[in-house]
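The following report describes one chain and the two ligands placed with it. It moves from a criterion for exposure to a single residue, then to the fold, the ligand surroundings and the confidence of the prediction.

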Amino acid sequence: MKTVKRIIICSIALTVLGGCAYRHYLGMHGPSVRNAPDVHEGVTEDAECLGCHHPDRNPTGPPTSHPQFTGCLKCHSDPLK
Ligand code: HEC
Ligand code: HEC
């Protein structure tokens, strides 16, 4: 019974923390994939991005601190200035 309670409390805490982390990024745009157009040509799916950027999957690109996010390109496709 105790374990169950702990699991529930932990998942709530994680959801809240995750929510904060996400909000911290809202309105903030990351570096654009257009800085490296050759590697990112034709890539649109989050799953594809994570294939090269997920920190736990031996990434070929710089690992992301936020693999749990969705809609990577909302924040990472700004036109270059
Ligand atoms: C809400 C906006 C937002 C979303 C959605 C988002 N990112 Fe980011 N990302 C950022 C910001 C801001 C930074 C720069 C700060 C940092 O490194 O934490 C960043 C940094 C990065 C970096 C590090 C770049 C470097 O040069 O080190 C990678 C890689 C990255 N994101 C990949 C992704 C991937 C893959 C996804 C989708 C699973 C994603 N991002 C979704 C905002 C976002
Ligand atoms: C085939 C592997 C691959 C895929 C797929 C991929 N990337 Fe990358 N990404 C890389 C590599 C390699 C670099 C480093 C390029 C460099 O520094 O010249 C990079 C760099 C980045 C950077 C840093 C740009 C900068 O200027 O610091 C971000 C942000 C990023 N990728 C996001 C994404 C997003 C979002 C997606 C999905 C739309 C994605 N990547 C898909 C391999 C990939």
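A residue is taken as buried if 20 or more other C-beta atoms lie within 10 Å of its own, and as exposed if 12 or fewer do. In this predicted model, Pro62 has 10 C-beta neighbours inside 10 Å and therefore counts as exposed. Pro62 is found in the loop between α3 and α4, and its C-alpha atom is separated by 8.1 Å from that of Cys52, a residue ten positions away along the chain.

As for the chain as a whole, four helices and zero strands are assigned, so that the order of elements from the N terminus reads α-α-α-α. Of the 81 residues, 4% count as buried. Among the contacts that join residues at least 6 apart in sequence, 55% link residues at least 24 apart.

The surroundings of the two ligands can be set out side by side.

| Ligand | Residues around it | Nonpolar | Polar | Charged |
|---|---|---|---|---|
| ligand 1 | 21 residues | eleven | eight | two |
| ligand 2 | 19 residues | ten | eight | one |

Around ligand 1, the residues that come nearest are Gly30, Cys49, Thr64, Cys72 and Cys75. The elements giving two or more residues to this shell are α3, which spans residues 46–53, and α4, which spans residues 72–76.

Which residues come nearest to ligand 2? They are Asn35, Cys49, Cys52, Gly61 and Cys72, and Cys52 is also the residue whose C-alpha atom was related above to that of Pro62. At least two residues of the shell around ligand 2 are supplied by each of α2 (37–40), α3 and α4, with α3 giving the most, namely five residues. Cys49 and Cys72 appear among the nearest residues for ligand 1 and again among those for ligand 2.

Confidence remains to be considered. The chain averages a pLDDT of 82, and 73% of its residues score at least 70. Where is confidence lowest, and where is it highest? Helix α1, covering residues 2–25, has the lowest confidence, at a mean of 61, whereas α3 has the highest, at 97. Where pLDDT is low, the predicted coordinates should not be read in detail. The element with the highest confidence, α3, is also the one that gives the most to the shell around ligand 2.

Conventions. Residues are numbered from 1 along each chain as its sequence is written. Chains are lettered from A and ligands numbered from 1 in the order in which they are written. This is a predicted model: local features need pLDDT of at least 70, side-chain atom pairs count only at pLDDT 80 or more; totals for chains, interfaces and linings use all residues. Two residues are in contact if their C-beta atoms, placed from the backbone, lie within 7 Å. A residue is near a molecule or strand if its C-beta atom, placed from the backbone, lies within 6 Å of it. Ala, Val, Leu, Ile, Met, Phe, Trp, Tyr, Cys and Pro count as nonpolar, Asp, Glu, Lys and Arg as charged, and the others, Gly among them, as polar. pLDDT is the predictor's confidence in each residue, from 0 to 100.
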